[in-house]
Amino acid sequence: MAIRYANGGGAARAAHLTVNDGGNGQHSLTFENTGAWTAWQTVPLQLDLVQGVNILQLISDSSEGLANIDHLVVSGAEQVSAGSCAGVDSSSGSTSSGGLGGDDNSRRSACTSVQGTEFVNSTIRVAGPFDGGCREYVATFGDGSQQEGQDPVFRLERGSSLTNVFVGPNGDGIHVHGDATLTNITWRDVAEDALTVKSEANVTIRNFEAYKAADKVFQLNAKTTFLAQNCTVVDMGKMFRENGGKCYPANVTVENCHLDRASDAIFRSDCGSTVMTLRNSTVLNAKVCYSNSFQCHSN
Ligand code: ADA
Ligand code: CA
Ligand code: CA
């Protein structure tokens with residue numbers, strides 16, 4: 001392994017790295033002074049990893065915290081790939097970062113923790129601005145399964161905006177019935193779907209996180225222009241699905257996202273006129289295009 005770092009703090013900083021909580025090794029390392037916080041150097045490290053998922057923790061032994069960590073590179077005789085840092089707490093001195101590699105804070109909700117639970121007995125209809133205060137909205141209906149026809153937690157009408165919300169694990173997430181803007185939204189465990197476009201809409205969603213979607217994250221059941229920016233989506237069947245066998249004009253753009261583990265693909269549509277584009281993003285353990293039966297671009 002090699003760790004690229006910068007230390008403009010003057011003195012060297014000591015740290016150690018544990019493999020699986022120390023069960024598979026603990027290694028001391030020193031981040032020497034590099035002269036500036038943007039002058040990068042690399043420290044090499046020899047690790048023994050075990051088969052399957054390994055948890056690596058880099059822990060400061062100095063009261064000043066770690067150096068600036070740019071990236072880790074793991075290489076070896078066997079094929080290795082990065083796992084997910086979702087749900088793993090991370091901190092370093094006075095700053096905290098959401099993970100490593102492309103999985104950075106610009107790709108997350110500004111709601112970094114749940115500020116309370118709101119139980120939802122019937123769908124919340126949003127017709128203007130709605131600020132959820134970073135609370136989690138948990139439906140008392142629905143069962144978190146793939147059963148069709150479940151009511152949504154939120155129904156967004158034309159011109160609405162939804163901000164600072166955790167969407168709970170029951171019901172059918174968010175239904176959109178007209179142009180809507182969503183910001184700082186997290187699905188910790190996607191229920192049937194995270195969000196469905198139910199009638200014609202321009203949808204913009206920024207700074208969101210979605211985890212554990214058994215099937216779809218975004219279901220497109222009507223004509224839509226959909227912009228998704230700054231996101232982390234981990235574990236899904238697919239991120240976008242235009243309703244099977246249907247053909248609504250659909251134009252989807254995904255920018256600055258970290259996408260990990262799609263069992264199907266990031267994009268899927270059966271419609272030749274549908275355009276789905278991925279830009280400036282990290283994709284791990286997933287293919288972008290399900291097939292060539294629609295216009296699928298990745299750059
Ligand atoms: C399934 C189902 C569709 C639609 C969709 C949804 O894909 O086949 O008809 O109901 O789920 O919107 O949840
Ligand atoms: Ca469904
Ligand atoms: Ca659904």
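This is a tour of selections to make in the viewer, from the two calcium ions to ligand 1, the disulfides and one strand residue.

The model is predicted, and local features need pLDDT of at least 70, side-chain atom pairs count only at pLDDT 80 or more, while totals for chains, interfaces and linings use all residues. Residues are numbered from 1 along each chain as its sequence is written, chains are lettered from A and ligands numbered from 1 in the order in which they are written, and side-chain values use heavy atoms, with hydrogens and water left out.

**Stop 1: ligand 3**

Select the calcium ion (ligand 3) and display D172, E192 and D193. The protein donors are D172 (OD), D172 (OD), E192 (OE), E192 (OE) and D193 (OD), and they lie 2.2 to 2.9 Å from the ion. A donor here is an N, O or S atom within 2.8 Å of the metal (3.2 Å for Na, K and Ca); water is not among the atoms, so sites may look incomplete.

Along the chain, the donors of ligand 3 have the spacing D-x19-E-D. The pair D172 and E192 links distant parts of the chain, 20 residues apart: D172 is in the loop between β11 (160-167) and β12 (174-176), and E192 is in the loop between β13 (180-187) and β14 (195-197). Strands are DSSP runs (E, at least two residues), numbered from the N terminus.

Why is the arrangement around ligand 3 irregular? The 6 donor atoms around the calcium ion subtend angles of 46 to 166°, which makes it so. Under the rule used, six donors count as octahedral if opposite donors are over 155 degrees apart and all others between 65 and 115; four count as tetrahedral if all angles lie between 85 and 135 degrees, or as square planar under the limits given for six, and anything else is irregular. For reference, ideal angles are 90 or 180 degrees for six octahedral donors.

Colour by accessibility next. D172 counts as buried at 6% relative accessibility, and E192 counts as buried at 3%. Buried means under 20% relative accessible area, exposed over 50%, and partly exposed in between (1.4 Å probe, protein chains only).

**Stop 2: ligand 2**

Keep E192 selected and add the calcium ion (ligand 2). E192 bridges ligand 2 and ligand 3, which lie 3.6 Å apart. The calcium ion (ligand 2) is coordinated by E148 (OE), E148 (OE) and E192 (OE), at 2.1 to 2.8 Å. The pair E148 and E192 links distant parts of the chain, 44 residues apart, with E148 in the loop between β9 and β10 (154-156) and E192 in the loop between β13 and β14. E148 is exposed, with a relative accessible area of 57%.

**Stop 3: ligand 1**

Which residues are around ligand 1? They are E148, E192, D193, K216, Q219, N221 and N243, chosen by having a heavy atom within 4 Å of the molecule.

Draw distances from the oxygen atoms of ligand 1 to polar side-chain atoms: E192 gives 3.0 Å, D193 gives 3.0 Å and N221 gives 2.9 Å. The protein covers 61% of the 310 Å² of accessible area that ligand 1 has on its own. Accessible areas come from the Shrake-Rupley method with a 1.4 Å probe.

**Stop 4: the disulfides**

Show the cysteine side chains. The count comes to 4 disulfides, each a pair of cysteine sulfur atoms within 2.5 Å. With bonded cysteines counted along the chain, the pattern is 1-2, 3-5, 4-6, 7-8.

- C111 and C134 have their sulfur atoms 2.1 Å apart. The S-S torsion is about -70°, so this disulfide is left-handed. C111 is in the loop between β6 (68-73) and β7 (117-120), C134 is in strand β9 (residues 129-139), and they are 23 residues apart. C111 and C134 are buried.
- C231 and C257 are joined with an S to S distance of 2.1 Å. The link is right-handed, with 125° about the S-S bond. C231 lies in strand β17 (residues 224-242) and C257 in strand β18 (residues 250-268), so the pair ties together parts 26 residues apart in sequence. Both C231 and C257 are buried.
- C289 and C296 have their sulfur atoms 2.0 Å apart. The S-S torsion is about -85°, so this disulfide is left-handed. C289 counts as partly exposed at 25% relative accessibility, whereas C296 counts as buried at 18%.

**Stop 5: A265**

Finally, select A265, which is found in strand β18. A265 is buried, with a relative accessible area of 0%. From A265 to V283 the distance is 10 Å, C-alpha to C-alpha, and the two are 18 residues apart in sequence.

Methods
Helices (H or I, at least four residues) and strands (E, at least two) are DSSP runs, numbered from the N terminus. A polar contact is a pair of N or O atoms within 3.5 Å; within protein, one must be able to donate a hydrogen and the other to accept it, and residues adjacent in sequence count only if both atoms are side-chain atoms.
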